Amino acid sequence: MKAQPPKRALQFLRWFCREDYLEEFEGDLIELFEKHFEASPKKARRKFFWGVMRSFRPGFTKAFYKVNYSITTAMFKNNLKVAWRNALRQPFFTFLNTSGLAIGMAGALIITLFLHDELSFDKMFADANRIYRVNIDNRTAGETNHFAAVSSPLANVMQSDFSQAEMITRLRVSNSILLKGVDAEQNIKEDYVAGADSTFFEMFGLKLLYGNAKNALEKPNSIVLTKTATLKHFDLDEALGQSMVLNNDEVYVVTGVIDDLPKNSFLRNHQVFISLSSFDDAKSLAWNTWSFPTFVKLRPTANEESLQAYLSTVKDRYLIPWAMTFMPGLTVESAKEMEKSSGDFMRFTPIALTDIHLHSPNIEDELSTNSDIQNVYILAAVGLFLILLACVNFMNLSTARSLKRAKEVGVRKTLGSSRSGLIKQFLTESTMVAFLALVLAIAIAAISLPYFNQLAGKAISIPFGNPLFWLALSVVSLVLGFGSGSYPAFLMSKFAPIKGMKGGDVNGNGGRTVINSLVVVQFAISLFLMLGTFVVFQQLNFIQNKDLGYQKDQVLIIDDVDATGKQIEAFKNQVKTIAQVENASLSSYLPTPSPRGATTLFPDKSLGGENALIIGSWDVDYDYLSTLGLELVAGRDFNKEFATDSSAMILNESTAVLLGLSPEEVIGMRFTNDFHREDKENMRYFTVIGVVKNFHFETLRNSIDALSLTLGGKPKKMLVKLNAGDFSKGVSELKTVWEKFASGQPFSYYFMDDSFNNTYDAEQRLGKIFVIFTSLSIFIACLGLFGLAAFNAEKRAKEISIRKVLGASIGQITYKLSIDFLKLVGLATIVSLPLAGYFMNRWLQDFSYRIEIPWWVYVLTAFMAVAISILTVSFQSTKAAMSSPIKALKQE
């Protein structure tokens, strides 16, 4: 066996050594290596290595640093001209590649803008990275709930003994209000209202257009309006100091005007801020009412861990001692024992301000509707899929087209072109296509964005004036051009000149394997998105048709009925006389989105901490159950003939389960929420007279919580059950009655089924977005498949002609040309559908009430993929099968 010098050392020598020295140096070193090898192979390799290194000197190395930029520029211009001519010479190929890349880039650009908007929420506030909100995680009887609001005294105790807090402020969730100037006749309804501490503006760095931010919300009956809200009543420069009437009752003074809040903030829709000192419960020392979203700005040296450590001590230091004042025998130790034995808990937890929008989708008492980080991940994946599909499309078509360019490569190599020169040429072509696609993509995105905004509920715009935007797009286009064109460029540049000029199959099995693999990837992604779309719509259909336990259809809700004042009952009775009205009820609480109330109940003579029930509490009237069609499973409904029903209570089935009793056993039990008073013998008790069948009053993501219904309260809404017919006529008659009892007040109404549908707005939007981008992915995949089918038919033209001459039918030839592609689609189906099913089942786990993905969804997805691929391929296959064999056989 002949001695071989070290391969790496020899390669290094050939790389750096000047050509006029290389032959002499290499010959001498190899001769010495062979001589030394006989004595010691190891020593011979070591000496050869050191001989190469000694030759690595300035006098013997190539002039790497000398670059003729004029030649480089000229070569680039030449490559660009050739690329442009090739693009014009092959319009079909150029169209497929450019349009596929453009559609993928446009879709990815829109998704990127959407994700940027989602991820930017609340980051505009001053020191946003140091602001946290305190949440409550509460578990009762195995049911865990999360709340964005806490009790009123928490802010005071944190201010006094948490030294890491720089500033603390509270907000208060408020109902909609009617607002007008003292001299105005017509009220204007404001839906988004919040109470706020005097430190609110300083906390979030909000500047007032008019007024003093430090004391604008200091005094009771002070009100600050946004610019939009102000202009409904006054000119901006005249608003300060104006008196306004709230809910036809109290008079408030405008102490400030602020600019409209950003659309990517947790207060984006709020237009009215009322001083927190105007609310009686803001001074409450009770720890069992959670109505105040509380924000903490930490000092620069503090962190989230220190806040969490402090919050973990609050319950033992403050809440339990407060509860001990009315719960005999309760101690901190006994409370801990009860938690340990039952598994229940109540914890204060911090969440960063910038995490609220995406990381708290199922938290109650939020000031605005939040999104979900899961949706961000899903859409990010869809955007990446679109780009990947477009790149795969480009690589596939370029690789398939390499056969037509084999002779070109052979001629170029014969005339002296180096492989690196060919690679530069092909990469120039791919980069040019990428930049052409970018221009088209921006145009498509600009045209599509208004429709996408309408669909997604956003106000996104393309930042044309931002230099970073253009820099990012340029870099992405370069990366896509080089990334997509790299494999075809390296593949074509290595063609053997003789074989290429003969027109043989220069791709070989390796090229075909890559093409087939990329087709499988394309359709696997498309199938994944198709199945995801079907599942989202199946779940939405399940939600729409599920028995919710109440009748939402033909129920009209009239807002702000408290504007009728003391005539509210007369108004209700008048409404019930309308022919199309079946029934009517007064309450502020609805199964669809509306205010929520909670209370702590203790069974009769059982004030021990282990007996406390924290459940929902709704004030209703005598007609509530019948208007909504709620079904009693035990006991009876409220009845005016029973005077004692003013202290009666109806529970739902979940409360009975919480108590560990059957619905029948709960009837007659007595509960109190009047446990704060010192004279315990005079506590007010409610007697359970009925148990209503569970009905859904939260989204189907949540299970049904315990709930109590009692008579009374100050209702702000009227539920009107309408008979089938002309609803516009019924609404007109209701408006006539309204104007009789609330003249000059806005008549605001909506239908309960619309409100229910709005609850699942995020899921509906996600479903529609899925449809759009799934369609785009299928279109891109079909573009690629269409091009491949065309190139395949062209490549096999002689084979097709010979088969036709020998008697093959058009159907047989079409089948022969199509079957290979269908096999690839079948493989993509086998790979993709199990993965898609797994991930969509993960998505469905967020719903307490969900579908099981039926088998036919998988079958339908596979069938659609096969059908689409057959339609795409069959056109080219049939066209090739119907062509004249003479023309193909005449070609050499």
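This briefing walks through the overall build of the chain and then one of its internal cavities. The model is a predicted one, with 892 residues in the chain, and buried residues make up 50% of them. Its secondary structure counts 28 helices and 24 strands.

**Confidence**
- Mean pLDDT for the chain is 83, and 90% of the residues reach at least 70.
- If you are choosing where to look, strand S12 (residues 294-298) has the highest mean pLDDT among the elements, at 96.
- Helix H16 (residues 497-502) has the lowest, with a mean of 58.

**Contacts and surface**
- Taking contacts between residues at least 6 apart in sequence, 80% link residues that are at least 24 apart.
- The chain exposes about 42400 Å² of accessible surface, and carbon and sulfur atoms account for 57% of that area.

**The second largest cavity**
- Two cavities of 30 Å³ or more turn up in the model, and the second largest encloses about 40 Å³.
- Its lining is made up of Phe 523, Ser 526, Met 530, Ile 778, Ala 781, Ala 865 and Ile 868.
- By residue class, six of these are nonpolar and one is polar, while none is charged.
- Three helices, H17 (508-545), H24 (761-795) and H27 (855-882), each contribute at least two residues to this lining.
- H17 provides the largest share, with three residues.

Technical notes. Residues numbered from 1 in each chain as written. Predicted model: local features only at pLDDT ≥ 70, side-chain atom pairs only at ≥ 80, totals over all residues. Heavy atoms only, no water. Helix = DSSP H or I, 4+ residues; strand = E, 2+ residues; numbered from the N terminus. Buried < 20%, exposed > 50% of the residue type's maximum accessible area, 1.4 Å probe, protein only. Contact = heavy atoms within 4.5 Å. Areas by Shrake-Rupley, 256 points an atom, 1.4 Å probe, with all protein chains shown as cover. pLDDT = per-residue confidence, 0-100. 1 Å grid on protein atoms, 1.4 Å probe; cavity = no way out; pocket = protein on both sides within 12 Å on 5 of 7 lines; lining within 4 Å. Points joined across faces, edges and corners; volume = space filled by probe spheres on them. Nonpolar A, V, L, I, M, F, W, Y, C, P; charged D, E, K, R; others polar.
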